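Let's take a walk through this structure and see how some of its helices pack against one another. Have a look at the picture first, and then we'll go pair by pair.

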Amino acid sequence: MIASLPRPAWFHASTVLYTLAFFAFLFLPLVVVAVFAFNDAPYPAPPWRGFTLDWFLGGFSAGHIKRQGLFADTAMLGSLWTSVIVACWVTGLSVLVGTANAFLIERTQFRGKQTLSLLMLAPLVIPGVILGISILAFASRIANLADDLWGLELEFLRPGLPLVVLGQFSYIVSIATLTITARLKRFDVTLEEAAYNLGASRAAVLWTITLPYLKPALIGSAAISFLMSFENFNTTLMLVGSDAPLTVMMYGRMREGATPVLNAVSLLLMVASSVLALTMMRGSKSTASGDSS
């Protein structure tokens, strides 16, 4: 249909209904979770029993409060901190290796380059459970072999946080590589050549010209890597040891019997993710305006 032509009323009404239904499907479950984080009931679902902050602050006051809120739940807070630590390691490694991969793909020519580029995408199409099981089996085999042959105890190859970081990194680095490569592909190399002609060193050109241009992609890939690591469950469940990240901890709590504390955690994560997204949007706008000027 031509956009300039008048549209019938039924078309306009169906468009509005479709839009409302789509956004209701996306956001209504999140709204329900957020609202019932304040429900004065021992279950995280309707009906509404009144407003309370016990599921956030319960346990800080006198002993008559029997509910344990999020900020008094040391196990849940510990798992939250564990997820942050894992996500920071995965983010740092993914951005660093992704940047190196981007330069390898865009700035070098070698035999088998296209094959290597395709192989780098393979972890993205492998199910997380299969990826986790494969890494666990491979790492355990190496650890057992080192123990049998040389008597070495390679604990970092046993189920635990180092293996969780390795498992998440194995596919998140592919996303970081794609993000940074797309930005580097549009870079005007004549800017670097002009700097070289003026006597700048390779390190100076990289630090003052190339990396500032890649800054939006680096920040974007870091944010994506952090969020993907933080919310990962399938691969993490296969590789986790005694220190459970947040997703595994919440899964265990759900199996034991859900409480509105899980709603409180979900609301906290939604707020944190929204703040991060808004910060990223403002940063990208300021960077774009700086580039245009």
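Start with helix 6 (residues 128-150) and helix 7 (residues 161-185), whose axes are 10 Å apart and meet at an angle of about 130°. Keep in mind that this is a predicted model. With that angle, helix 6 and helix 7 are therefore oblique to each other, and the way helix 6 passes helix 7 is a right-handed crossing. Who does the touching? On the helix 6 side you'll find Leu 131, Ile 135, Leu 136 and Ala 139, while helix 7 brings Leu 163, Leu 166, Gly 167, Ser 170 and Tyr 171. Sort the residues of this contact between helix 6 and helix 7 by class and you get seven nonpolar, two polar and no charged.

Stay with helix 7 for a moment. Its 25 residues, at 1.5 Å each, should span 36 Å, and its end C-alpha atoms are 35 Å apart, which agrees. There is still a bend to spot along the way: helix 7 has a kink of about 35°, centred on Ser 170. You've met that residue already, since Ser 170 is one of the helix 7 residues in the contact with helix 6.

Now move along the chain to helix 8 (residues 190-197) and helix 9 (residues 202-231). Their axes come within 10 Å and cross at roughly 135°, and that makes helix 8 oblique to helix 9. This crossing of helix 8 and helix 9 is right-handed. Helix 8 makes the contact with Leu 191, Glu 192, Ala 195 and Tyr 196, and helix 9 answers with Arg 202, Val 205, Ile 209 and Thr 210. In the contact of helix 8 with helix 9, the classes come out as five nonpolar, one polar and two charged residues.

Helix 9 has another partner too. Helix 3 (residues 74-107) packs with helix 9 at an angle of about 140°, with their axes 8 Å apart. That angle makes helix 3 oblique to helix 9, and helix 3 passes helix 9 in a right-handed crossing. The list of touching residues includes Leu 80, Ser 83, Val 84 and Phe 103 from helix 3, and Leu 206, Thr 210, Leu 214 and Phe 230 from helix 9. What classes do the residues of the contact of helix 3 with helix 9 divide into? They are 14 nonpolar, eight polar and no charged.

How values were computed: Residues are numbered from 1 along each chain as its sequence is written. This is a predicted model: local features need pLDDT of at least 70, side-chain atom pairs count only at pLDDT 80 or more; totals for chains, interfaces and linings use all residues. Side-chain values use heavy atoms; hydrogens and water are left out. Axes are lines fitted to C-alpha atoms, for helices over the stretch in contact, and angles run from 0 to 180 degrees between N-to-C directions. Helices (H or I, at least four residues) and strands (E, at least two) are DSSP runs, numbered from the N terminus. Angles under 35 degrees count as roughly parallel, over 145 as roughly antiparallel, 65 to 115 as roughly perpendicular and the rest as oblique. A crossing is left-handed if the near helix is turned anticlockwise from the far one by less than a right angle, and right-handed if clockwise. Contact means heavy atoms within 4.5 Å. Ala, Val, Leu, Ile, Met, Phe, Trp, Tyr, Cys and Pro count as nonpolar, Asp, Glu, Lys and Arg as charged, and the others, Gly among them, as polar. The expected span of a helix is 1.5 Å times one less than its number of residues. The bend at a residue is the angle between axes fitted to the seven residues ending there and the seven starting there.
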